[in-house]
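Student: Could you take me slowly through a single part of this protein, the place where two helices pack together, and then show me what surrounds that place?

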Amino acid sequence: MVVLGIDPGSCTTGFGVVRTQRGRLHLIEGGCVRTSSSDPMGERLLKIHEGLSAAFDRHPEVTAVAIEAIFKHKSSESALRLGQARGVALLVAVQHGFEPVAYNPGTVKRTVGAHGRADKHAIGRIVSMLLGETPEGPHDVADALAIAITHINHIRNGAAA
């Protein structure tokens, strides 16, 4: 199984491709699509679309897609921006033949072995231990890899969302 995990964001959208083979997890690729907050939102969404499409094109071996679920935000404006980026990520996945499975942050943290209040540094360390290597890039990459690992674990346990 090869899973592409997506951590959507309007400034940084992380993605990670993880393969499971003989019960072991292997990092295939981790990366992100960065946009500038000074660019118009339409241009930012187009860049996210192009970046995620390129990731799908580089990895035709992907068999499933997992994405972070919507969660509460203090600001309705930031929730809207996140929702727009998430919508683009969902669109790209569907364009490539996948119906993404969504996992909320708490489920991701518990599945990879962190506690509910674990910060991004803790998630990054755990992902590095699980994969046997440290992914390059911002925390959004480790978060996307954690989402992919969560899906793999839920499939193994027969509990996919």
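Tutor: Here is a walk from the helix contact outward to the core and the sheet.

This is a predicted model, in which local features need pLDDT of at least 70 and side-chain atom pairs count only at pLDDT 80 or more, while totals for chains, interfaces and linings use all residues. Residues are numbered from 1 along each chain as its sequence is written, and side-chain values use heavy atoms, with hydrogens and water left out.

Two packed helices are described by the angle between their axes and the distance between the axes. The helices here are H3 (residues 105–112) and H5 (residues 139–156), whose axes come within 9 Å and cross at roughly 70°. Helices (H or I, at least four residues) and strands (E, at least two) are DSSP runs, numbered from the N terminus, and axes are lines fitted to C-alpha atoms, for helices over the stretch in contact, with angles running from 0 to 180 degrees between N-to-C directions. The crossing makes H3 roughly perpendicular to H5, a term for angles of 65 to 115 degrees.

On the H3 side, the contact (heavy atoms within 4.5 Å) is made by Thr 107, Val 108, Thr 111 and Val 112, and on the H5 side by Ala 146, Ile 147, Ile 149, Thr 150, Asn 153 and His 154. These residues divide into five nonpolar, five polar and no charged; Ala, Val, Leu, Ile, Met, Phe, Trp, Tyr, Cys and Pro count as nonpolar, Asp, Glu, Lys and Arg as charged, and the others, Gly among them, as polar.

The largest nonpolar core has 24 residues, and those with the most contacts inside it are Val 18, Ile 123, Val 127, Leu 131, Leu 145 and Ile 149. Such a core is a set of buried Ala, Val, Leu, Ile, Met, Phe, Trp, Tyr and Cys residues joined through side-chain atoms within 4.5 Å, where buried means under 20% relative accessible area with a 1.4 Å probe, protein chains only. H5 gives the most to this core, with seven residues. Leaving aside residues up to four places away in sequence, Val 127 touches Glu 133, Pro 135, Ala 142, Leu 145, Ala 146 and Ile 149.

Among the elements that give two or more residues to this core are E3 and E5, which also belong to an open, mixed sheet of five strands in the order E3-E2-E1-E4-E5; strands pair if DSSP finds at least two bridges between them. Strand E3 (24–34) and strand E5 (101–103) stand at its edges, each with a single partner strand, so one side of each has no neighbour in the sheet.

Technical notes: Angles under 35 degrees count as roughly parallel, over 145 as roughly antiparallel, 65 to 115 as roughly perpendicular and the rest as oblique. Buried means under 20% relative accessible area, exposed over 50%, partly exposed in between (1.4 Å probe, protein chains only).
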